[in-house]
Number of protein chains: 4
Amino acid sequence: MAVTTRERVKRAAVKLFADKGFHGTGIRDLAQEAKLSSASLYHYMGTKEELLAEIMRDSLGALLESAKQAVADVTDPRQRLSRLVALHVTTHARQPKETRVVDHEIGVLSPKARRTVVGLRDEYERLWSDAIADGVREGVFDTAEPTITRIALLEMCNGVARWYSPKGTLGLDALAGHYVRLAMRALGVSDGRHAVS
Amino acid sequence: MAVTTRERVKRAAVKLFADKGFHGTGIRDLAQEAKLSSASLYHYMGTKEELLAEIMRDSLGALLESAKQAVADVTDPRQRLSRLVALHVTTHARQPKETRVVDHEIGVLSPKARRTVVGLRDEYERLWSDAIADGVREGVFDTAEPTITRIALLEMCNGVARWYSPKGTLGLDALAGHYVRLAMRALGVSDGRHAVS
Amino acid sequence: MAVTTRERVKRAAVKLFADKGFHGTGIRDLAQEAKLSSASLYHYMGTKEELLAEIMRDSLGALLESAKQAVADVTDPRQRLSRLVALHVTTHARQPKETRVVDHEIGVLSPKARRTVVGLRDEYERLWSDAIADGVREGVFDTAEPTITRIALLEMCNGVARWYSPKGTLGLDALAGHYVRLAMRALGVSDGRHAVS
Amino acid sequence: MAVTTRERVKRAAVKLFADKGFHGTGIRDLAQEAKLSSASLYHYMGTKEELLAEIMRDSLGALLESAKQAVADVTDPRQRLSRLVALHVTTHARQPKETRVVDHEIGVLSPKARRTVVGLRDEYERLWSDAIADGVREGVFDTAEPTITRIALLEMCNGVARWYSPKGTLGLDALAGHYVRLAMRALGVSDGRHAVS
DNA sequence: GATGAATGAGAGTTCATTCAT
DNA sequence: TATGAATGAACTCTCATTCAT
């Protein structure tokens with residue numbers, strides 16, 4: 001199935017924004033990577049910043065949808081958080097460039113675009129907050145600072161995008177399993193009491 | 001005690017590089033922040049990139065020295081790692097801008113400068129690796145993937161620089177304590193068996 | 001009666017060239033105004049500059065023809081000049097955009113196209129010159145500098161295209177009458193001695 | 001006396017804006033004319049549009065001041081208008097480029113800058129309106145449409161900037177005298193009753 | 001007849017850096 | 001020590017125009 005030029009432009013942008021940063025990436029770099037002239041780029045995008053915003057919305061939006069589905073109808077907070085961790089980690093491992101862009105370049109966006117992206121991020125993080133809060137209320141999680149713990153776990157998982165390589169010995173499942181275990185332990189859950197599925 | 005102009009330039013750079021990124025910060029921004037003309041800046045720095053490299057070396061170098069001292073003569077791996085976590089967290093909480101620059105802008109450096117900075121970082125992370133490895137060998141830590149665990153914990157702690165505010169209710173000690181507990185749990189150490197000092 | 005696409009393009013050009021100037025008008029502006037894609041435009045025009053030249057030739061050519069007819073077989077120089085003034089003023093009032101383009105954008109044309117347009121303009125102005133010269137010779141006009149006077153009167157009349165609105169209280173006939181009177185007076189003709197028809 | 005670089009930039013702009021129009025003049029043209037690199041231009045100006053606005057304000061402002069002085073303490077409306085015409089004509093003859101820029105490029109300005117320039121122009125034209133209105137009231141001027149007459153006379157005089165050359169046979173005084181006579185006649189004043197001084 | 005795609009050239013503007021004073 | 005002046009290179013983005021479909 002053919003890839004549209006528009007898609008090629010986006011992928012080029014994701015790659016370069018992730019590797020060199022938004023401000024470190026020039027329009028000509030983008031054009032070269034997408035195999036287009038710099039003038040032609042503008043048939044497929046608005047401004048460079050709009051392109052960035054779109055990439056972020058796409059990436060975060062997709063993660064949010066997957067996360068919602070992953071926790072729908074799951075009642076056990078341990079299972080809910082485990083699934084969120086697993087999804088987060090595998091997403092960051094599979095799409096490290098997209099996620100790095102989302103994590104690093106929010107500050108570049110105009111106030112308006114930023115609001116949208118931050119809105120998506122907040123909605124996503126609320127799934128984590130809810131799972132943790134429910135777990136604490138039900139007594140299956142043990143943490144004195146649920147908010148900080150959530151942030152700490154999120155940052156811990158974000159890191160995957162910066163180092164994981166599919167060429168290494170560790171498969172995606174093993175990777176996700178490891179992070180789930182770390183998270184559960186951090187919340188005071190004994191090993192073996194938090195199967196994902 | 002007077003602050004040298006040179007120091008003022010560095011602080012300006014740290015602030016702006018942290019807030020807007022290296023590529024997002026112009027020489028004129030720097031000059032304005034340091035209350036100098038852009039030409040005068042060059043009396044106190046080499047190129048913009050050299051300034052960045054220096055900031056990174058300073059920051060990482062100081063952290064490395066502190067870390068070495070913190071673990072010198074400490075034999076218990078739990079105590080060593082706890083101290084490393086506490087130091088890391090408090091450093092990131094106290095100097096969020098410096099640490100953010102170190103964490104985000106390594107890719108900007110020229111190969112030569114990068115080598116130095118990466119060298120420092122590796123030396124620092126080795127303190128963590130050693131503590132974890134020792135703990136595993138001695139049976140006080142439980143983790144199937146020591147390397148990944150180290151990275152995960154480091155990333156978790158790095159995050160502090162992105163959100164901690166001294167104006168909040170949480171003091172530095174409590175903050176550090178919380179992260180130490182998360183780390184110990186992640187390594188399978190039961191609460192209460194890892195006092196820092 | 002249907003308007004050809006070609007005519008629509010010209011009208012769009014006249015409007016935009018008059019309002020924003022030739023250089024201030026982009027091909028895309030033109031396309032939007034003519035409700036065509038910018039590529040389609042080129043089915044109905046040569047280059048942008050050729051379009052401008054054509055507009056000018058059309059407008060000036062029509063004025064020249066009307067002027068020739070208006071003074072044909074009229075012997076009294078006062079009547080001839082009066083008719084020229086009236087025609088000039090009503091034309092500028094009715095087609096302010098065309099005339100503004102002609103008056104403002106001559107400098108944009110290539111030498112070749114300019115020569116043609118300037119030729120038309122010269123031929124037109126010669127009708128004025130002749131009428132004034134004849135009037136002076138016959139002693140019905142009084143002016144020490146016929147050439148300057150001609151230019152002054154022409155400029156005076158050109159201005160109509162910049163301010164006249166048909167929505168105001170002044171009708172076209174009254175407008176023309178007023179300018180005829182100004183011109184006649186400037187040439188030393190007493191009021192009432194210069195009926196147009 | 002040396003001419004400042006800033007002044008050189010302005011003169012270059014006046015020349016090119018007058019000859020090729022604002023949109024027809026590139027920053028690189030400007031730089032070449034001012035014998036500067038295009039980057040250096042920006043030490044002496046804000047944006048290209050701000051440069052235009054400044055030129056217009058300077059030119060119109062100077063004309064307005066001169067005009068105010070010219071009519072101060074003059075009671076006879078004929079004399080006042082004669083002086084205004086003479087000043088206007090000599091100014092347009094001496095500084096044809098400045099005045100052409102003012103007359104042609106107002107539409108290019110941003111709303112804010114336009115407001116200022118139009119304000120100056122209105123204030124200037126009011127001097128004409130007042131003189132004409134006073135003359136009509138006192139019975140020394142005869143015109144059915146004072147407003148239109150004013151506009152017509154202004155446009156007539158503006159034209160001078162488009163054709164007058166100091167190299168021709170006509171001196172400035174004779175030029176001004178001729179236009180004053182045309183204006184007076186247009187207002188129904190018999191020759192010889194309107195000495196300028 | 002109509003247009004999406006494409007582009008080299010150029011637009012205005014800012015970049016990091018140097019240097020004479 | 002301090003800076004105004006200067007610039008080549010680069011920036012993001014738009015230009016008028018062509019062409020395959």
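Which side chain has an N or O atom 2.5 Å from a base nitrogen of DNA strand F? That side chain belongs to His43(B).

The legends below describe close-up views of a predicted model, in which local features need pLDDT of at least 70, side-chain atom pairs count only at pLDDT 80 or more, and totals for chains, interfaces and linings use all residues. Residues are numbered from 1 along each chain as its sequence is written, chains are lettered from A and ligands numbered from 1 in the order in which they are written, and side-chain values use heavy atoms, with hydrogens and water left out.

**View 1. Protein residues around DNA strand F.**
DNA strand F is surrounded by 29 residues, where a residue is near a strand if one of its heavy atoms lies within 4 Å of it. The closest are Arg28(A), His43(B), Tyr44(B), His43(D) and Tyr44(D). Of the strand F atoms that come within 4 Å of the protein, 52% are accounted for by sugar and phosphate. By class, this surface has 10 nonpolar, 13 polar and six charged residues. Here Ala, Val, Leu, Ile, Met, Phe, Trp, Tyr, Cys and Pro count as nonpolar, Asp, Glu, Lys and Arg as charged, and the others, Gly among them, as polar.

**View 2. Polar atoms at DNA strand F.**
The side chain of Lys48(C) has an N or O atom 2.9 Å from a phosphate oxygen of DNA strand F. At Ser37(D), a backbone N or O atom lies 3.2 Å from a phosphate oxygen of this strand. Elements that give two or more residues to the surface near strand F are helix H2 (27-34) and helix H3 (38-41) of chain A, helix H3 (38-41) of chain B, helix H2 (27-34) of chain C and helix H3 (38-41) of chain D. Helices are DSSP runs (H or I, at least four residues), numbered from the N terminus.

**View 3. Protein residues around DNA strand E.**
There are 27 residues surrounding DNA strand E, and the closest are His43(A), Tyr44(A), His43(C), Tyr44(C) and Ile27(D). Sugar or phosphate makes up 52% of the strand E atoms within 4 Å of the protein, and bases make up the rest. A polar backbone atom of Ile27(B) is 2.8 Å from a phosphate oxygen of strand E, and a polar backbone atom of Thr25(B) is 3.3 Å from a phosphate oxygen of strand E. In chain D, a backbone N or O atom of Thr25(D) lies 3.2 Å from a phosphate oxygen of the strand. The surface near strand E divides into 10 nonpolar, 12 polar and five charged residues.

**View 4. The interface of chain B and chain A.**
In this interface, 25 residues of chain B are in contact with 25 residues of chain A, contact meaning heavy atoms within 4.5 Å. The two chains bury about 2200 Å² between them, 64% of it on carbon and sulfur atoms. Buried area is the accessible area (1.4 Å probe) that two parts lose on being put together, summed over both. On the chain B side, Ile148(B), Glu155(B) and Arg185(B) lose the most area to chain A, together 25% of what that side buries.

**View 5. Salt bridges and helices between chain B and chain A.**
Four salt bridges are counted between chain B and chain A, each a side-chain nitrogen of Lys or Arg within 4 Å of a carboxyl oxygen of Asp or Glu. One of them joins Arg185(B) to Asp142(A), with the closest N and O atoms 2.5 Å apart. Helix H8 (146-158), helix H9 (160-163) and helix H10 (172-186) of chain B each supply at least two residues of the side that touches chain A. Of that side, H8(B) gives the most, with six residues.

**View 6. Domain 1 and domain 2 of chain A.**
Chain A is divided into domain 1 (1-45) and domain 2 (47-186), with bounds from an automatic or database domain assignment. The domain centres, taken over C-alpha atoms, are 26 Å apart. Between them the domains bury about 1400 Å², 71% of it on carbon and sulfur atoms. Lys10(A), Val14(A) and Phe22(A) supply 42% of the area that domain 1 buries against domain 2, more than any other three residues. Five salt bridges are found across this interface. In the salt bridge of Glu54(A) with Arg6(A), the closest N and O atoms are 2.5 Å apart.

Notes: A polar contact is a pair of N or O atoms within 3.5 Å; within protein, one must be able to donate a hydrogen and the other to accept it, and residues adjacent in sequence count only if both atoms are side-chain atoms.
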